[in-house]
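Here is a short round of questions and answers on one protein model. Keep the structure in view as you read.

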Amino acid sequence: MRLSAARESTWHPSILIVVSCLGLLLLQLGCEPGPGAPARDAGAGGGGPNPETWPDNRPLPPPTEPGIRLRTEVLDTPVDLELGRPAQQLLVFDDCARRPRLLPAPLTCRLEDAGGWVVRAADGRTVTTPGPCPMSIRTLEGAPETILLDGRVSPGAIDLVPLPASSGSGSGRDERSPPRVDVVVELDMETYLAGVLDGELYAHWPLGTFMAQAVAARSFALAESTFWRSRRHFDLVAGPSSQAWAGLATSDRAREAIEATRGFVLLHEGRVVPAYYSSSCGGLPASAVDSISDRASHDIPPLKPRSSATPCCEGAPVRAWEVRLPLDEVEAALSRAFPGGFPDGLVRIEVAERNVAGRPLRHRLVDRAGESRSLGSDDLRRLLGRVPRLESGEAGPLRSDAFEARIVGEVLVIEGRGFGHGVGLCQFGAFERGREGVDWRQLVLEYYPEAGLTRSWE
């Protein structure tokens, strides 16, 4: 979870409909009812506001383990997939016909650019849809709980959600994103978290670091899933825009850390803390209000930095870094933010504002005529990330917004610290504290001041 998740909304098939139809089908077949998908409360907490009007991402702690809707892939159309093991029975539900079909695997599922799904079962039966409607595939009770998806082991609840081309969401502000299919799986929270630990941390890191990360990742997942539950068809992304996820084949260390901290979440004033974290704060921790968004739920003590720079992550390989950019291309990139650009030439970029820990928040850009303009650190970081570097000739995002810049001749030298937004737990710092033998409870609370730990479910 290195960046904020991209915001989008669309339809998601109702599991209640699937389960109801499945019950009718299995009664006709004389079988026991099959299982539903994992729980869908995702931390909304009983008795609170309607999720449709939930004001922020700070839910009440749920009494039972929730489920997670995880987007694992985004596929360009046309899509051609194979699902299931030989002789496995899979429930297939499409939103066009709105009825379930029990089909023998493996299934081939194809969606053309223009048209609907064509699903072929192992016994030769074919299911077609008149349009690109969402498709759900589920395992049955008493059968293997996983599905092979193009040869990879996937949870036994998969949704294939087609989305049309849309404007303004491509790689550029005015570009269109092409038609795609989102692959969304559903799984229990703790099962999901074991894959997060293996995706976020190095395998040789201390168990205490894994345990502290488990609490932060669990709290973050609860907050995100509550926020997105009624807004889009998935809660989290398997990648840096949410949390890395290594899949279902998890390590002993990850499973041990999850089991030891099962159900533990961070709370402040009775509600879950959206526990952001990053690879390395560079010794300059950030505030969520400054680095994530100014949402009211971020303006709480656990998401504010300590009052001074810290020796945290001293040994991190990304604690300090340097990038060199051609000045003329920097001026061209900055002209996108300032109409008219810098006709007199840029002579200085200086830090105009810092947070209490010394992390830069705003920069002042001064030209030869003495005119100055102000730009936030994150905005400046984004613009400078578009400039090809002298070292490689390629553009790329800066590792963090904790940097200072100086002009040397015709070159802008950027000296930065850390990797990521710097809010909350610093993973390399937690590694060093874990290696010192610090208890995981103390470790995680060091990074979220005034938070408390509670076990929400057993």
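Q: How many of the 22 residues of helix 3 are buried?
A: This is a predicted model, where local features need pLDDT of at least 70, side-chain atom pairs count only at pLDDT 80 or more, and totals for chains, interfaces and linings use all residues. Residues are numbered from 1 along each chain as its sequence is written, and side-chain values use heavy atoms, with hydrogens and water left out. Buried means under 20% relative accessible area, exposed over 50%, partly exposed in between (1.4 Å probe, protein chains only). Helix 3 is mostly covered, with a buried count of 21.

Q: What distance does helix 3 reach from its first C-alpha to its last?
A: Helices (H or I, at least four residues) and strands (E, at least two) are DSSP runs, numbered from the N terminus. The expected span of a helix is 1.5 Å times one less than its number of residues. For helix 3, residues 207-228, that gives 32 Å. The model comes close to this, at 31 Å.

Q: How many helices and strands does the protein chain have, and what share of its residues is buried?
A: The chain has nine helices and 26 strands. It holds 458 residues. The buried share is 53%.

Q: Where do the buried residues of helix 7 fall, seen down its axis?
A: Helix 7 covers residues 377-384. Its buried residues are S377, L380, R381, L383 and L384. They fall within an arc of 165 degrees (taken from the directions from the helix axis to the C-beta atoms), so they line one face of the helix.

Q: Which residue is the bridge partner of V351 in strand 21?
A: Two strands pair if DSSP finds at least two bridges between them. Strand 20 (346-354) and strand 21 (360-367) are joined by seven bridges and run antiparallel. The hairpin has five residues between these strands, and G358 takes a positive phi near 95 degrees there. Across the pairing, V351 meets H363.

Q: Which strands are the edges of the open sheet with the order 17-16-26?
A: This sheet has three strands with antiparallel pairing. Four bridges join strand 16 (264-268) to strand 26, with L267 partnered by G452. An edge strand pairs on one side only, which is the case for strand 17 (271-272) and strand 26 (452-455).

Q: Is R455 buried or partly exposed?
A: R455 lies in strand 26. Its contacts (heavy atoms within 4.5 Å), not counting residues up to four places away in sequence, are E259, A260, T261, R262, G263 and F264. The side chain of R455 also reaches the backbone oxygen of R262 at 2.8 Å. With 34% relative accessibility, R455 counts as partly exposed.

Q: How far apart in space are R455 and P62, C-alpha to C-alpha?
A: In sequence, R455 and P62 are 393 residues apart. In space, the C-alpha distance is 9.9 Å.

Q: Which side chain makes a polar contact with the side chain of H298?
A: H298 sits in the loop between helix 5 (288-291) and strand 19 (320-326). Its relative accessibility is 0%, so H298 counts as buried. A polar contact is a pair of N or O atoms within 3.5 Å; within protein, one must be able to donate a hydrogen and the other to accept it, and residues adjacent in sequence count only if both atoms are side-chain atoms. At 2.8 Å, the partner of H298 is Y276.
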